[in-house]
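Biologist: I am new to this structure and would like a close look at a single part of it. Please choose one strand, follow its partners and neighbours, and then place it in the whole chain.

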Amino acid sequence: MNKFYLAFLRHGDYQQRSHTPSAWQPLGLNEAGEQQARVAAQKLQAFAEENGLNIHRSLQASSLLRAWQTLSLIAGQLGGDFVIDSDARLNERSVGSFANLTVSEIETALRQDPRFPPPPDGWKSASDYRLPCPNAESLNQAGQRVADYLQQRCFELYHRTTKPTLWIVCGHGAAFRHAARQMGILKTEDIPLYSMYHAEPLFFEYQPDSGFCLQSGQWKRRDKANLSPLID
């Protein structure tokens, strides 16, 4: 039986616009995020060596700059012949035509639009709420999109690889958490409790018959940290 591991990696800290819930901001890592990525490379390498794993040469990122930059820095630290692939199916939840507006601007726009009711309290982190605009998603919809992609790719890679393998995927905290519920890793009631540390890998063993099992790493407890309710 082949050993196959998946690493969830949230991107490093980035130049996020203040009070803006759109996770599709086209901004890069800040200095702290760059350092976090370099440290992550050491942790990924150590896990691979301790478990006798080859790191898959395809490092998978969302299509957003901060995820690509995180993996680019990691690839530079690891050395070797790595390729960074980007796929929008790993992106964070889309807020559609409200992209890159502040919370206040979004709520003002909805109050001024007679077609829609104002968003409910806590809408930014409500798993089932979808902003009433073109191309918007709920967090659960984004999680399902990410989960479908990861499950399909892990199944394919598991059957293609002949050596024990670690596949590294860099994406976004809220989408990863909601994907984890779809993948049987977290329960529904766990979603509000957890976040992810920037560039801190979570390692899951994958088997086609039993799914994903957390092997190493820790979720960040939201009830023990002063975390913003904003997306991502």
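Modeller: In the strand I have chosen, β1, residue Y5 stands opposite E205 of strand β7. Before going further, please keep in mind that this is a predicted model, in which local features need pLDDT of at least 70 and side-chain atom pairs count only at pLDDT 80 or more, while totals for chains, interfaces and linings use all residues. Residues are numbered from 1 along each chain as its sequence is written, and side-chain values use heavy atoms, with hydrogens and water left out.

β1 covers residues 4-10, where strands (E, at least two residues) and helices (H or I, at least four) are DSSP runs numbered from the N terminus. Seven of its seven residues are buried, that is, under 20% relative accessible area, with exposed meaning over 50% and partly exposed in between, for a 1.4 Å probe and protein chains only. In a regular strand the side chains alternate between the two faces of the sheet. Here F4, L6, F8 and R10 point one way from β1, whereas Y5, A7 and L9 point the other way, and all of them are buried.

β1 has a partner in strand β5 (residues 165-171), with which it pairs in the parallel sense over seven bridges; two strands pair if DSSP finds at least two bridges between them. Within that pairing, L6 has W167 as its bridge partner. With β7 (residues 202-207), by contrast, β1 pairs in the antiparallel sense, over four bridges.

From β1, F4 leads into an aromatic cluster that it forms with Y158, Y206 and F212. Rings of Phe, Tyr and Trp (its six-membered ring) pair if their centres lie within 6.5 Å, and planes under 30 degrees apart count as stacked, over 60 as edge-to-face and the rest as tilted. By this rule the count comes to nine aromatic pairs. In one of them, the rings of Y158 and Y206 have centres 5.9 Å apart and planes at 80 degrees, so that pair is edge-to-face. It links distant parts of the chain, since Y158 lies in helix α4 (residues 139-160) and Y206 in β7, 48 residues apart. Y158 is buried at a relative accessible area of 11%, and Y206 also counts as buried, at 5%. The rings of Y206 and F212, with centres 4.8 Å apart and planes at 40 degrees, form a tilted pair, and F212 is itself buried, with a relative accessible area of 10%.

Another neighbour of β1 is helix α5 (residues 173-182), which has eight of its ten residues buried and is therefore largely enclosed by the rest of the structure. Its buried residues, among them F176, R177 and H178, pack against β1, α4, β5 and β6 (194-195), with contact meaning heavy atoms within 4.5 Å. After α5 comes G184, whose phi is positive, near 80 degrees.

To place this part in the whole, the protein chain has five helices and nine strands, following the pattern β-α-β-β-α-β-α-α-β-α-β-β-β-β along the sequence. Its radius of gyration is 18 Å, close to the 17 Å that the globule rule gives for 232 residues, so it is as compact as a globular protein of that length; the radius is taken over C-alpha atoms, and the rule is 2.2 Å times the number of residues to the power 0.38. Of those 232 residues, 49% count as buried. Among contacts between residues at least 6 apart in sequence, 73% join residues at least 24 apart.
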